[in-house]
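Q: I am new to this structure and would be grateful for a close look at a single part of it. Please begin with one specific point and then set that part in its surroundings.

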Amino acid sequence: MNRQLIFPFLLLTAIILAGCGGTDNAADDERRQAEERDQIVEELDPEQETTPSNPSGDNKLGYVRYTKEQVENETEEQHSINIDRTSLANMITRIILRNDGFAEAATLVTDDKALIAYDKEDDLDSEKAADIANKTAVSILPGYFDVYVSDRASLINDIQSLHNSSIKDNNYDNTINQIIEQMKKSPQGKEE
């Protein structure tokens with residue numbers, strides 16, 4: 001008789017334990033889903049910027065989403081746009097040098113101008129070289145930038161002399177204007 005009671009008791013205990021385990025699994029599933037939702041919300045947060053301490057954004061696509069109300073709020077009115085001029089100059093110079101025929105290049109990016117001087121190989125046509133340099137900068141910089149290029153390698157040192165200048169200090173304007181006048185004597189690329 002004991003054996004007949006033990007089997008149903010064990011069966012009932014197994015069912016109860018399985019039911020409790022299912023509740024734990026459901027709670028785990030809900031917690032995991034909440035974590036995934038939080039992660040997605042955090043990833044889509046436009047305020048999350050890629051920084052040196054968060055380099056994972058280097059391989060990600062760029063995406064942000066705002067509502068009209070988010071952009072028109074009081075803190076957004078105080079938001080300023082920052083351009084990393086050194087990164088832009090770095091990118092422009094590296095892309096130019098990936099083209100055949102360029103031996104050296106230097107780029108200076110100000111608040112509204114880009115000056116690019118390069119040393120090209122003799123077999124690269126001057127107009128083609130200017131076109132490559134100009135289009136590279138235009139494709140990277142905001143549309144309001146004026147781009148000046150020159151194949152006069154001596155101008156590399158001239159624009160290098162300004163590398164520690166600040167856009168808040170206008171004392172370098174005269175020097176930049178002199179360099180631009182020298183650059184204008186070189187081909188500037190095809191007008192489109």
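Which residue caps the N-terminal end of H5?

A: In this predicted model, the residue that caps the N-terminal end of H5 is Asp-125. One of its side-chain oxygens lies 3.2 Å from the backbone nitrogen of Glu-127.

The setting of this helix may be described first. The protein contains 7 helices and 3 strands. Read from the N terminus, its elements follow the order α-α-α-α-β-β-α-β-α-α. Of its 192 residues, 26% count as buried. Among contacts with a separation of 6 or more, 61% join residues 24 or more positions apart. The protein exposes about 14300 Å², and carbon and sulfur atoms supply 49% of that area.

Helix H5 itself covers residues 126-140. Its 15 residues, at 1.5 Å a residue, should span 21 Å, and the C-alpha atoms at its ends are 22 Å apart, which agrees. Several of its residues are buried, namely Ala-129, Ala-130, Asp-131, Ile-132, Ala-133, Asn-134, Thr-136 and Ala-137. These buried residues pack against helix H4 (85-97) and against three strands: S1 (102-109), S2 (113-120) and S3 (146-150).

A salt bridge also belongs to this helix. The side chains of Asp-131 and Lys-135 meet at 3.4 Å, N to O. Because the two residues are 4 residues apart in helix H5, about one helical turn separates Asp-131 from Lys-135. The partners differ in their burial: Asp-131 has a relative accessible area of 10% and is therefore buried, being under 20%, whereas Lys-135, at 38%, is partly exposed.

Asn-134 leads from the helix to its surroundings. This residue lies in helix H5 and is buried, with a relative accessible area of 17%. Leaving out residues up to four places away in sequence, Asn-134 touches Val-147, Val-149 and Gln-188.

Gln-188 deserves attention in its turn. It is located in the segment after helix H7 (173-183), and its relative accessible area of 18% makes it buried. Its side chain takes part in two polar contacts with backbone oxygens. At 2.6 Å, the side chain of Gln-188 reaches the backbone oxygen of Val-149; a polar atom of that side chain also lies 3.2 Å from the backbone oxygen of Ser-186. When neighbours within four places in sequence are left aside, Gln-188 is in contact with Ala-130, Asn-134, Val-147, Tyr-148, Val-149 and Met-183. Among these partners, Ala-130 is one of the buried residues of H5.

The last partner in that list, Met-183, carries the picture into helix H7, where this residue is placed. Met-183 has 0% relative accessibility and so counts as buried. Apart from neighbours within four places in sequence, its contacts are Leu-115, Ile-116, Ala-117, Tyr-148, Val-149, Ser-150, Leu-155, Ile-159 and Gln-188. Although Met-183 and Leu-115 are 68 residues apart along the chain, their C-alpha atoms are separated by 8.3 Å.

The remaining salt bridges may be set beside the one in H5. The count for the protein comes to 3. One of them joins Lys-184 to Glu-181, with the closest N and O atoms 3.6 Å apart. Lys-184 is partly exposed at 47% relative accessibility, and Glu-181 is likewise partly exposed at 45%. Another links Asp-112 with Lys-113, where the closest N and O atoms are 3.3 Å apart. Asp-112 has a relative accessibility of 27% and counts as partly exposed.

A feature of the surface completes this account. Val-64, Tyr-66 and Val-71 make a nonpolar surface patch of about 260 Å². Of these, Tyr-66 is found in the loop between helix H1 (2-44) and helix H2 (68-71), and its relative accessibility of 39% places it among the partly exposed residues.

To return to the part in question: H5 is capped at its N-terminal end by Asp-125, its buried residues pack against H4, S1, S2 and S3, and its residue Asn-134 touches Gln-188, whose side chain reaches the backbone oxygen of Val-149.

Terms used:
Residues are numbered from 1 along each chain as its sequence is written. This is a predicted model: local features need pLDDT of at least 70, side-chain atom pairs count only at pLDDT 80 or more; totals for chains, interfaces and linings use all residues. Side-chain values use heavy atoms; hydrogens and water are left out. The expected span of a helix is 1.5 Å times one less than its number of residues. Buried means under 20% relative accessible area, exposed over 50%, partly exposed in between (1.4 Å probe, protein chains only). Contact means heavy atoms within 4.5 Å. A polar contact is a pair of N or O atoms within 3.5 Å; within protein, one must be able to donate a hydrogen and the other to accept it, and residues adjacent in sequence count only if both atoms are side-chain atoms. Patches are made of residues with over 30% relative accessible area and no salt bridge: like charges are joined within 9 Å, nonpolar side chains (Val, Leu, Ile, Met, Phe, Trp, Tyr) within 5 Å. Accessible areas come from the Shrake-Rupley method with a 1.4 Å probe; for residues, only the protein chains shown count as cover. A salt bridge is a side-chain nitrogen of Lys or Arg within 4 Å of a carboxyl oxygen of Asp or Glu.
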